[in-house]
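Subject: Structure handover

Hello,

Here is the structure we talked about. My notes on it follow below the entry.

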Amino acid sequence: MQQPQYGYRFVAFMFGLCFMLLAAAPQATASNVDIFYAGGQSNAVYDPWATNILSVLAGSGYYQNLQLVHARHPGETIANWVLEASDGSYSKQINYLNDFYNPSGTGLLQQTIAQVIQNGDTPVFRGFFWFQGESDTDYAGEVSAYRGRYLGMLDMLQQDLGLSAPIDFCMSIIDYGINNNLTEAHKVLVNQLRDVQTQIGLDFNYGVAVDSRPYIRRDTWHLETDQYGPYAQLMANTFITNNNPFPPPSSQYYDSFAVNNAGGNTSRDPGDPLAGTYTEEGGGLWLGTGDYLLGQNGSGTDGYVYSTNLTSLSTYASLPLNMNTGEVATIEARIKSFNSNGIDNWIAIGFLDSAGSCYAAGDTWLLMRQDTTRSDEIAVFGALGGTGADNTMIKSAIPGSPDADGYNHVQLTYNSAADTVSLVVNGINVLTNVAYLGTPNISNVGFQFFRTTLEGALDDFRLTVIHAGDANGDGLVNLADLQILGDNWQSASASWSQADFSGDGNVNLADLQIIGDNWGYGAATDFSFDQALASLGISIPEPSCLALAGLGCVLMLRRRGH
């Protein structure tokens, strides 16, 4: 079941005042710890049911610093967690007090959250997994009361956790095995409870119910041991699909390495070939020519990259790049000018439409060179290939000054939302949101050298990929990014880090729309996008109020999730 989109209508007025309030809000510095609960009856065994759930969640890329709180109570009805009163309210029973919260502070979930806070981090409750109900099939009254008790349990837990949004949940739909001693009347009750659990999963966009019927049971109620793993994986993947409408957060750094190995920040042994090897930070597989080595040269220990032949024409390496729609990718590197030695020399970095050389059709690449006819020069070429004027985006002397070690710091950025290219050299904007030439088909990044020993020429190559709406590049789209947008509201010469996500240089409604569309990306928030705006004094009126004069412009935003 996919989560629907929710429409938000709000009138935005006095933006300056609202964002001044936002700017004054303190910003959290603690790390988030994502907490899940998994529990129920005897089927909710820790190994391998809960461990497989945790493994899938951890491998999904959506969550960080995971902790799983697990408990099981064989043979007990849901009435041992919550029980309804005659007035329709629900009260906490012994299992609730032990598993979740109690006045003494000894609930399992309660203690986990307290420990996270004590460690100086921020607990974020992300979801609830439940495998229970077999004991509720003995009597018709237990079956009919099940829905209210389960939802009442989640409501009370939401209140204890102080959450403004309902808890994301995944419920197992129970069943009985072929080898059973159930009466036909009992089987009817089991199927009725199955219907109740199925309907709970259908009725709430923040929850799912996963059927256990296809999985083999060793007796009346319990799965075979080898069935827990696959079933747990199905539950976790279904939960992830339902509650995470965005692709998983991109690793902020797909890959990074220092060619000059002085800092020891590469895992590659000196002299190892770059081609077909992995780098330490992003785990990307590089492809390149065989004479390109990372580490010390063949005759010394200077830690530099070198080419085995000074007059070899070209040495290159490339790395696959997978971008989600609307993301921005930046290549950063330190490049040192070098002597010509009487022959043409150059070094290039760029975005590529295929693995291999930077100098090809479909690529956008930056060239820094010094040769027999030119002084130090920097140029950016577009997607048509070659060096003609028809595809030259910029060509000039290298702006600014290199650092104390003689390196120029370059940042080449591709904005996939707008298909634009930007370039910063030594802190100076050389290109800002210039239209990409040709049809973008970016699939790799890379660098290339031409007729140079390469010693010290390239250092600190780094690829950064940031999601749409993430102004500060921390992998999240949240209040901090909304603050940045407010600080730069109506700017006409903004960059991505100043909340120009659309790539047109302006910070306006289009960029606010992008934040709204991607709100909550990377980590759950305890409040929705409209709640964040409302907390700043931005009203969310009824449709009839939209006609009132003097209240500013009407924004129609849509986002996914909650």
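To start with the overall picture, take the contacts in the protein with a separation of 6 or more: 69% of them are between residues 24 or more positions apart. Please keep in mind that this is a predicted model. The protein has 562 residues, and 52% of them count as buried. Its secondary structure consists of ten helices and 25 strands. The accessible surface is about 23200 Å², with 50% of that belonging to carbon and sulfur atoms.

Helix 6

Helix 6 covers residues 184-203, which makes 20 residues. At 1.5 Å a residue these should span 28 Å, and the end C-alpha atoms are 29 Å apart, so the expected and the computed span agree. Its buried residues are H186, K187, L189, V190, L193, R194, V196, Q197, I200 and G201. An α-helix has 3.6 residues a turn, so residues three or four places apart point the same way. As for partners, the buried residues of helix 6 pack against helix 5 (140-161) and against two strands, strand 7 (169-173) and strand 8 (207-211).

The second largest pocket

This pocket has a volume of about 590 Å³. Its lining is made up of 28 residues, and those nearest the centre are T330, T413, S495, W496 and S497. By type, the lining divides into 17 polar, nine nonpolar and two charged residues. Several strands supply at least two lining residues each: strand 15 (328-336), strand 20 (407-415), strand 21 (420-425), strand 22 (428-435) and strand 24 (458-466).

Two loop residues

T77 sits in the loop between strand 3 (67-72) and strand 4 (82-84). Is T77 buried or exposed? Its relative accessible area is 18%, and buried means under 20%, so T77 counts as buried. Apart from neighbours within four places in sequence, T77 is in contact with Q132, S135, D136 and E142.

S502 belongs to the loop between helix 8 (479-487) and helix 9 (509-517). Setting aside residues up to four places away in sequence, S502 touches N415, A418, D511 and I514. One of these, N415, is 87 residues from S502 along the chain, yet the C-alpha atoms of the two are separated by 8.3 Å.

Regards

Conventions
Residues are numbered from 1 along each chain as its sequence is written. This is a predicted model: local features need pLDDT of at least 70, side-chain atom pairs count only at pLDDT 80 or more; totals for chains, interfaces and linings use all residues. Side-chain values use heavy atoms; hydrogens and water are left out. Helices (H or I, at least four residues) and strands (E, at least two) are DSSP runs, numbered from the N terminus. The expected span of a helix is 1.5 Å times one less than its number of residues. Buried means under 20% relative accessible area, exposed over 50%, partly exposed in between (1.4 Å probe, protein chains only). Contact means heavy atoms within 4.5 Å. On a 1 Å grid over the protein atoms alone, a cavity is a set of points where a 1.4 Å probe fits but cannot get out, and a pocket is an open set with protein on both sides within 12 Å along at least five of seven lines; lining residues have an atom within 4 Å of a point. Grid points are joined across faces, edges and corners, and a volume is the space filled by probe spheres set on the points. Ala, Val, Leu, Ile, Met, Phe, Trp, Tyr, Cys and Pro count as nonpolar, Asp, Glu, Lys and Arg as charged, and the others, Gly among them, as polar. Accessible areas come from the Shrake-Rupley method with a 1.4 Å probe; for residues, only the protein chains shown count as cover.
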